[in-house]
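Please look over the sequence and the model below before reading on. The paragraphs that follow go from charged side chains to the interior and its rings.

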Amino acid sequence: MQEIKCPKCGEVFQVDDSGYAAIVKQVRDKEFTMEIQNRESQYISEKENAVKFAVLDAERNFNEKLSQKDAELSELKNKLLSYDKDKKLEISELVTKLNNELAEKETCITKLTSEKALTEKECQLREQSIKDNYETQLRFKDEEIERYKDFKSKMSTKMVGESLEQHCEIEFNKLRATGFQNAYFEKDNDIKSGSKGDYIFRESDTESGEFISIMFEMKNETDTTSSKKKNEDFFKELDKDTSEKKCEYAVLVSLLEPESELYNSGIVDVSYKYEKMYVIRPQFFIPIITLLRNASLNSLSYRKELALIKAQNIDVSNFEAEMNDFKEKFSRNFELASKKFKTAIEEIDKTIDHLQKTKEALLSSENNLRLANDKAEDLSIKRLTKNNPTMQAKFDELKLSELKKSE
């Protein structure tokens with residue numbers, strides 16, 4: 001049995017187990033129902049509050065993100081505006097630069113066009129000048145050829161020989177005032193030794209005295225002369241006169257052996273028989289004087305420098321360079337002379353077929369000029385300093401100094 005006390009009256013009564021279980025069940029079901037209702041009400045209230053808070057939180061987050069997006073959009077708009085301004089400025093600068101470059105190119109094109117027109121004008125004037133000069137030279141050559149033809153046809157043997165001397169003297173006197181102010185060129189009238197040449201050329205330097213001397217002999221004969229002589233027949237006598245008159249060079253100006261390819265070749269060096277002797281045709285009279293004179297002047301210049309070096313004990317480091325410079329200048333003069341001869345050959349060839357052999361003579365003169373140039377090339381430091389202990393010592397000191405500097 002179970003005892004149950006009434007909560008209102010306080011009476012205690014007993015109930016069996018089944019009744020007790022029924023009461024307990026009744027009480028439990030009622031409390032459970034109430035608990036469920038309470039829980040359900042609480043859940044609904046919490047759910048509503050949670051939804052309300054979630055909506056508020058979502059609205060707050062949305063507003064924050066919306067504000068952030070508005071800020072970002074504003075920033076992007078500002079950047080876009082700035083970018084647009086920069087691009088417009090850059091495009092404007094680029095357009096200005098291109099316009100400036102275009103203007104410069106147009107100016108350059110205009111300048112080049114003007115220069116081209118000027119150059120074409122200058123070329124036309126130069127071409128006309130060369131043409132006029134060529135025609136003038138050609139006319140002079142024609143006149144000279146006719147003069148020589150008339151000269152040879154009218155003169156006797158003696159008169160031809162005398163006129164050849166006069167011709168050479170006139171040719172020299174044409175240049176005496178401008179190119180040979182300090183030169184002596186006169187007939188050889190000294191017959192103390194029993195013989196004499198035709199003309200003697202001497203030239204002196206104010207400091208060193210005489211630096212070149214040439215004995216000239218002029219020989220010619222007409223085509224009708226019965227006794228034909230050779231150039232070689234006069235070599236011995238010319239060499240003798242050269243030695244007795246103390247001349248350095250001997251030159252035979254000859255019109256003998258007109259068919260000889262050797263003597264028609266230009267300046268012929270016969271030093272293999274007689275030292276420093278040459279045979280030339282009349283047209284090479286001035287060139288042989290100029291060639292020998294310039295070689296002697298250059299040699300004189302270097303002799304002076306060597307004497308100065310020996311006397312003052314000065315630096316000789318540039319000596320070899322100056323020597324090479326002399327060789328280069330001599331070679332350049334040789335090339336210019338060669339071109340002059342070729343031009344003369346072409347003009348004579350166009351003027352008259354009769355001078356074909358003279359053309360070959362001028363062409364061959366290159367070989368003799370080359371020989372002269374080769375002899376100048378042989379002029380080296382070793383030859384100049386041979387048997388000269390002072391100069392050799394100076395060069396040894398110079399080489400030793402250069403070796404020390406390189407170390």
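Which residues are linked with Arg60 in a network of salt bridges? In this predicted model, the network consists of Asp57, Arg60 and Glu64. Within it, the side chains of Arg60 and Glu64 meet in a salt bridge, with a distance of 3.2 Å from N to O. The two residues are four places apart in helix α1, which covers residues 17–154, and so they are separated by about one helical turn. Arg60 has a relative accessible area of 42%, so it counts as partly exposed, and Glu64, with a relative accessible area of 44%, is likewise partly exposed.

A search of the whole structure finds 10 salt bridges, and two further examples join parts of the chain that are well separated in sequence. In one of them, Glu165 forms a salt bridge with Lys187, and the closest N and O atoms are 2.9 Å apart. Because Glu165 lies in helix α2 and Lys187 in strand β3, this pair ties together parts that are 22 residues apart in sequence. Glu165 has a relative accessibility of 15% and counts as buried, since buried means under 20% relative accessible area, whereas Lys187, with a relative accessible area of 32%, is partly exposed.

The other example is the salt bridge between Glu248 and Lys276, where the closest N and O atoms are 2.9 Å apart. This pair links distant parts of the chain, with Glu248 in the loop between α3 (235–244) and β6, and Lys276 in the loop between β7 (268–269) and β8, 28 residues apart. Glu248 is partly exposed at 30% relative accessibility, and Lys276 is partly exposed at 28%. Lys276 also lies over the face of Tyr249, at 5.3 Å from the ring centre.

We can now turn to the interior. The largest nonpolar core has 26 residues, and of these Phe201, Phe216, Phe285 and Ile288 touch the most other members. The elements that give two or more residues to this core are the helices α2 (157–179) and α4 (285–312), together with the strands β3 (183–187), β4 (199–205), β5 (209–219), β6 (249–254) and β8 (277–280). Among these elements, α4 gives the most to the core, with six residues. Apart from this core lies another, of 12 residues, among them Tyr263, Val270, Met277 and Val279.

What does Phe216 touch, if residues up to four places away in sequence are not counted? Its contacts include the aromatic residues Phe185, Tyr199, Phe201 and Phe285, and they also include Val251, Val253, Ile288 and Ile289. Gly197 and Asp198 are touched by Phe216 as well.

Several of these names return when the rings are considered. A pair of aromatic rings is described by the distance of the centres and the angle of the planes. The structure holds nine aromatic pairs, and in one of them the rings of Phe185 and Tyr199 have their centres 4.9 Å apart and their planes at 10°, so the pair is stacked. This pair links distant parts of the chain, for Phe185 is in strand β3 and Tyr199 is in strand β4, 14 residues apart. Both Phe185 and Tyr199 are buried. Ring pairs also link these two residues with Phe172, Phe180, Phe201, Phe216 and Phe285 into a cluster.

Note on methods. Residues are numbered from 1 along each chain as its sequence is written. This is a predicted model: local features need pLDDT of at least 70, side-chain atom pairs count only at pLDDT 80 or more; totals for chains, interfaces and linings use all residues. Side-chain values use heavy atoms; hydrogens and water are left out. A nonpolar core is a set of buried Ala, Val, Leu, Ile, Met, Phe, Trp, Tyr and Cys residues joined through side-chain atoms within 4.5 Å. Buried means under 20% relative accessible area, exposed over 50%, partly exposed in between (1.4 Å probe, protein chains only). Contact means heavy atoms within 4.5 Å. Rings of Phe, Tyr and Trp (its six-membered ring) pair if their centres lie within 6.5 Å; planes under 30 degrees apart count as stacked, over 60 as edge-to-face and the rest as tilted. A charge sits over a ring if NZ of Lys or CZ of Arg is within 6 Å of the ring centre and within 35 degrees of the ring normal. A salt bridge is a side-chain nitrogen of Lys or Arg within 4 Å of a carboxyl oxygen of Asp or Glu.
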